[in-house]
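User: Hi, I have a protein model open and I'd like to go through it with you. Could you take my questions as they come?

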Amino acid sequence: MLEQQPLIAKNKRQKKARKLPDSQNLLQFKELINSACEAINTGIYPSLIYAGSSGSYFVFNMEHQTIGVFKPKNEEPYGKLNPKWLKWLHRIFLPCCFGRSCIIPNKGYLSEAGAYLVDQFLDLQVVPPTFITFLISPTFNYSRIDRSASQARKYLKSKFNALGNINSTLPPKIGSFQKYVEGYSNAYTYFERLNNEPLPPEADNEFHYILEKVIVLDYIIRNTDRSDNWLMKLDTSTVPILSDGTITEEKKYLISVAAIDNGLAFPYKHPDSWRSCKIIIET
């Protein structure tokens, strides 16, 4: 019966896997959504992010502070309501080169949330909290039919008070909502700084360790579009140190990385077609 025993015995003291998603993160996410809805109801609408190839929006709270990034499902790079003209031209005039054949279209919002679940399960802590939710805002890209129907319902509601139960709002949009990371910048902007001011060995090892976490994440989720889609924050502080009766100051580095834009992950087959990518050549 020895062949039926596992090669590696289970450790009774092994740490139990956490429930996903974490209840505390869910509570914080609900607070973010409530503050976003409160701001939208008072006229503080999400703002379109002009960079990128899809309809992504900065979401604000009542203090006009950015609290998240919302990516509607039907405004993804190849969604029918994508507000970016480049992808529309791509879909109409270059259908043979349209999208990635290994990715299921219009499922990027699920990929965004799935990457966060994998990050939490592996305790990597490199993906900002990301969940699926519904939001309504006139700044989103709606079809003419939806906007006309909403205006007609508003007109009927204003004319006939008896029809006060008519829903005059635009239809809600489902999408991924990722918590906004404050103080982060594109990682490549820090590389020039690090070339002029190299990190000490201890901080450099920590930086390599964090980058390895991003590599592990991308390998597990089979990310097909990392490129420059990650952010970095480098904080410094001075700590007084007593040595040989004298007090000196030592510079400490705190490095944080945020792996964002995970919408082109979880392919259902091998990405066997050519794609363009950014290549960095060190000279």
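User: To start, what percentage of the residues of the protein chain count as buried?
Analyst: Of the 283 residues in the protein chain, 34% count as buried, and please keep in mind from the outset that this is a predicted model.

User: OK, and how many helices and strands does the protein chain have?
Analyst: The secondary structure amounts to six helices and eight strands, and when you read along the sequence they come in the pattern α-β-β-β-α-α-β-α-β-β-α-α-β-β.

User: Let's look at strand 3, then. Is strand 3 mostly covered or mostly uncovered?
Analyst: Strand 3, which spans residues 66-72, is mostly covered, since six of its seven residues are buried.

User: How many bridges join strand 2 to strand 3?
Analyst: Strand 2, made of residues 57-60, is joined to strand 3 by four bridges, and the two run antiparallel. Within this pairing, Phe60 stands opposite Thr66 of strand 3.

User: And what sits between those two strands?
Analyst: Strand 2 and strand 3 form a hairpin with five residues between them, and in the turn you will find His64, whose phi is positive at about 60°.

User: Which residue of strand 5 is the bridge partner of Lys71?
Analyst: The bridge partner of Lys71 in strand 5 is Ser176. Strand 5 covers residues 173-179, and its pairing with strand 3 is antiparallel, with five bridges.

User: Changing topic to the surface: which residues make the nonpolar patch?
Analyst: Trp85, Trp88, Leu89, Ile92, Phe93 and Leu94 make a nonpolar surface patch of about 670 Å². For the protein chain as a whole, the accessible surface comes to about 19000 Å², and 57% of that belongs to carbon and sulfur atoms.

User: Where is Trp88, and why can it count towards a surface patch?
Analyst: Trp88 lies in helix 2, which runs over residues 85-93. Patches are made of residues with over 30% relative accessible area, and Trp88 qualifies on that point because its relative accessible area is 35%, which makes it partly exposed.

User: What about cysteines, how many disulfides are there?
Analyst: A search of the whole structure finds zero disulfides. As for individual cysteines, Cys37 is partly exposed with a relative accessible area of 28%, whereas Cys102 is buried, with a value of 4%.

User: Last one: what share of the contacts with a separation of 6 or more is between residues 24 or more positions apart?
Analyst: In the protein chain, 67% of those contacts are between residues 24 or more positions apart.

Notes. Residues are numbered from 1 along each chain as its sequence is written. This is a predicted model: local features need pLDDT of at least 70, side-chain atom pairs count only at pLDDT 80 or more; totals for chains, interfaces and linings use all residues. Side-chain values use heavy atoms; hydrogens and water are left out. Buried means under 20% relative accessible area, exposed over 50%, partly exposed in between (1.4 Å probe, protein chains only). Two strands pair if DSSP finds at least two bridges between them. Contact means heavy atoms within 4.5 Å. Accessible areas come from the Shrake-Rupley method with a 1.4 Å probe; for residues, only the protein chains shown count as cover. Patches are made of residues with over 30% relative accessible area and no salt bridge: like charges are joined within 9 Å, nonpolar side chains (Val, Leu, Ile, Met, Phe, Trp, Tyr) within 5 Å. A salt bridge is a side-chain nitrogen of Lys or Arg within 4 Å of a carboxyl oxygen of Asp or Glu. A disulfide is a pair of cysteine sulfur atoms within 2.5 Å.
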